[in-house]
Amino acid sequence: MTTQEATGVRGRMCAVFSEAKGEDPCGSAPTWDHCLVIEVPTPWEHEVIDTPAFPAGVADLLEQRPDVRLQVIQPDDTYSVEGHSRVMLFSRHDGPIRDMARKEYLVPSEGLLSTVSAVLGNGGGEELSEWEQHNNGMRDLMVCTHGSRDICCASIGQPTYMELHSRFSNSHTRVWRLSHTGGHRLAPNVIDMPSGRYWSRLTPSRATQLAGHSGDLRELYDSYRGWPAIVSFAAQMAEREAFMREGWDWIDRRVESEVTETSDDGMEERVAIRSLGPDGVVSSYLATVRQSGMVQSIECLSDTLAKDYPQYELVSFEAVAP
């Protein structure tokens, strides 16, 4: 598909263009050590930190912490509390990972800055104990609906959000409207916490499959962006292949990855993926992943070509003795 072939409003949407170009989303999940999630009322600006309701001073704190990724969720009548704001910090720990570590607080909104400061390790943490939420068994499905960032996020993301919220919102699963995740050309984008895995192009039916961990996982092969727990963008390809081979049980395993070799031109990596299941069974894979080229995107609702994004291919993949 070329920009000349993109006709009509839908054909000129960046997400439609990306899928028509055959862009593989795997390897596009952002990497982070910590992901800070806070409640901020809409409407959101293009840059969410420019939103009038965004708490003053938080952006300055985050400038000092490049290891922290910011995400914002819209307050929800089902989960939110009037006059209070939710703060969640998901952290990648060392060693094999199953889920990201969670800290969660529900604090008076006027104290949001001091809470974020304490959560990020700037002292004052002892004052947070009364606001701490013990939600270690909670699952948070976060759907990007940030329409002021890109029309695809709202127009394509909203139906997915509504389907998930109506079908899966319960005492142990919350479904949120989320700010820009990166990659609006891959909308609808969903982050599954505390797993931390990133998913894309989740139509309502595909999102239902993810939420229920149901059906043939390989049907979601082209929806998986990757996992921040993995050591490199290319290595996310290797983890996807292991995930698809093992099936839904993979998410219950503790996983670690290592790049054992990189080519001189930096375009190819040898990756080891190891996992430990709750039953004590170990699985190990060895993969070779190469950056295969670039794919072009467009500015949404225009014929203007935009940024090129890397694509990766799995050259080899084999199970090895643990």
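**Entry 1: confidence**

I started at the front end, where pLDDT stays under 50 over residues 1-6. For that stretch I found 13 contacts beyond four places in sequence. This is a predicted model, so I wanted the overall score too. The protein averages a pLDDT of 93, and 96% of the residues score at least 70.

**Entry 2: helix H8**

Next I looked up H8, residues 235-246. I checked its length: at 1.5 Å a residue, its twelve residues should span 16 Å. The end C-alpha atoms are 17 Å apart, which agrees.

Is H8 enclosed or open? Ten of its twelve residues are buried, so I noted it as largely enclosed by the rest of the structure. Among the buried ones are Gln236, Glu239, Arg240 and Glu241, along with Met237 and Phe243. I then looked for what covers them, and the list includes strands E8 (197-199), E9 (224-226), E11 (268-276), E12 (282-298) and E13 (305-320). Just after H8 comes Gly247, with a positive phi of about 85 degrees.

**Entry 3: the sheet under H8**

H8 lies across E11, E12 and E13, and I read its angle to E13 as about 55 degrees. Those strands belong to an open sheet of four, in the order E10-E11-E12-E13, with antiparallel pairing. E10 (254-262) and E13 are the edge strands, each pairing on one side only. Neighbouring strands are turned by 30 degrees against each other on average, direction ignored.

I looked closer at one pair: E11 and E12 are joined over nine bridges. As an example, I noted that Arg270 has Thr288 in E12 as its bridge partner.

**Entry 4: nonpolar cores**

Which residues have the most contacts inside the largest nonpolar core? I listed Phe90, Met142, Trp199, Trp227, Phe243 and Ile273, in a core of 53 residues. H8 gives the most to this core, with six residues. Another core lies apart from it, with 22 residues, among them Trp44, Leu112, Ala118 and Leu128.

I went back to Trp227 for its contacts. Not counting residues up to four places away in sequence, Trp227 touches ten I could write down: Ala29, Ile97, Arg98, Met100, Ser195, Gly196, Arg197, Gln236, Glu239 and Val255. Of these, Gln236 and Glu239 are buried residues of H8.

**Entry 5: helix H7 and its neighbours**

In H7 (residues 204-212), I found Ala207, Thr208, Gln209, Leu210 and Ala211 buried. They pack against strand E5 (139-144), helix H6 (157-168), strand E7 (190-193) and E8.

H7 is followed by His213, in the loop between H7 and E9. Its phi is positive, near 45 degrees, in a residue other than glycine. At 29% relative accessibility, His213 counts as partly exposed.

In the loop between E8 and H7 I came across Arg201. Arg201 also has a positive phi, about 50 degrees, although it is not a glycine. Arg201 is buried, with a relative accessible area of 7%.

Arg201 turned up again when I checked Ser18, which touches Glu23, Arg185, Leu186 and Arg201, leaving out residues up to four places away in sequence. Ser18 is in helix H2 (residues 14-20) and, at 2% relative accessibility, counts as buried.

**Entry 6: cis peptide bonds**

Where did I find cis bonds? One joins Thr42 and Pro43, with omega about 5 degrees. Pro43 lies in the loop between strand E1 (34-39) and helix H3 (58-63). Another joins Met193 and Pro194, with omega about 10 degrees, and Pro194 sits in the loop between E7 and E8.

Methods. Residues are numbered from 1 along each chain as its sequence is written. This is a predicted model: local features need pLDDT of at least 70, side-chain atom pairs count only at pLDDT 80 or more; totals for chains, interfaces and linings use all residues. Side-chain values use heavy atoms; hydrogens and water are left out. Helices (H or I, at least four residues) and strands (E, at least two) are DSSP runs, numbered from the N terminus. The expected span of a helix is 1.5 Å times one less than its number of residues. Buried means under 20% relative accessible area, exposed over 50%, partly exposed in between (1.4 Å probe, protein chains only). Contact means heavy atoms within 4.5 Å. pLDDT is the predictor's confidence in each residue, from 0 to 100. Two strands pair if DSSP finds at least two bridges between them. Axes are lines fitted to C-alpha atoms, for helices over the stretch in contact, and angles run from 0 to 180 degrees between N-to-C directions. A nonpolar core is a set of buried Ala, Val, Leu, Ile, Met, Phe, Trp, Tyr and Cys residues joined through side-chain atoms within 4.5 Å.
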